[in-house]
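Here are a few notes to read alongside the model. Take them one at a time, with the structure open beside you.

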Amino acid sequence: DYTEKFLRKHTSSGNEIEVVAHANGLDLLREDMSPLREKINSLMQAHDNLHFIACANAIKQLRARGTEPRIIQGVQTDTTAFDHIVSRLQGGDWKYIKVESLPKT
């Protein structure tokens, strides 16, 4: 919801948004589990500046436990959440916002 509100408020600002999911948050990006699958697909189609990233380590851990996670098409899966976030922050142009720290409204 926060991402959708941000996109509405900043339609012409040129901002890029990346939603990075790891650990249990990976379920949000799983084709077979996500209660928001249709909403995520719709948002990705509507906004070229919105990207979803599923942690490669979380995927690897599920596979090690015998589960083959089907990730929503269009979601990036080739990097770990940690590596992706660190590389963005080192570039200096990105800001990290943890979901728990977002305003409720």
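1. Let's start with the overall layout. The protein chain contains 4 helices and 2 strands. If you walk along the sequence, they come in the order α-β-α-β-α-α. Please keep in mind that this is a predicted model.

2. Next, the overall dimensions. A compact globule of 105 residues would have a radius of gyration near 13 Å, and the protein chain, at 14 Å, agrees with that. Measuring sticks along the principal axes would give about 45 × 30 × 25 Å for the C-alpha trace.

3. How much of the chain is tucked away? Of its 105 residues, 30% count as buried. As for contacts, take those in the protein chain with a separation of 6 or more: residues 24 or more positions apart account for 66% of them.

4. Now look at the outside. About 7,400 Å² of the protein chain is exposed, and 47% of this comes from carbon and sulfur atoms. Among the side chains, 14 are positive and 14 are negative, with the centres of the two sets 5 Å apart.

5. Helix H3, which covers residues 56–64, is a good place to practise. Which of its residues are buried? They are Ala 58, Ile 59 and Leu 62. These three cover an arc of only 100 degrees around the axis, so they sit on the same side of H3. Here is a rule worth remembering: an α-helix has 3.6 residues a turn, so residues three or four places apart point the same way.

6. Turn to the other side of H3 and you will find Lys 60 and Ala 64, which are exposed. Back on the buried side, strand S2 (50–54) is included in what covers the buried residues of H3. Just after H3 comes Gly 66, with a positive phi of about 90 degrees.

7. Finally, visit Thr 3, a residue of helix H1 (residues 2–9). Is Thr 3 buried or exposed? Its relative accessibility is 19%, and buried means under 20%, so Thr 3 counts as buried. Which residues does Thr 3 touch, once neighbours within four places in sequence are left aside? Thr 3 is in contact with Ile 17, Val 19 and Leu 50. Try finding these three partners of Thr 3 in the model.

Conventions
Residues are numbered from 1 along each chain as its sequence is written. This is a predicted model: local features need pLDDT of at least 70, side-chain atom pairs count only at pLDDT 80 or more; totals for chains, interfaces and linings use all residues. Side-chain values use heavy atoms; hydrogens and water are left out. The radius of gyration is taken over C-alpha atoms; the globule rule is 2.2 Å times the number of residues to the power 0.38. Buried means under 20% relative accessible area, exposed over 50%, partly exposed in between (1.4 Å probe, protein chains only). Contact means heavy atoms within 4.5 Å. Accessible areas come from the Shrake-Rupley method with a 1.4 Å probe; for residues, only the protein chains shown count as cover. Lys and Arg count as positive and Asp and Glu as negative; His and the chain ends are not counted. The place of a charge is taken as NZ of Lys, CZ of Arg, CG of Asp or CD of Glu. The arc is that of the directions from the helix axis to the C-beta atoms.
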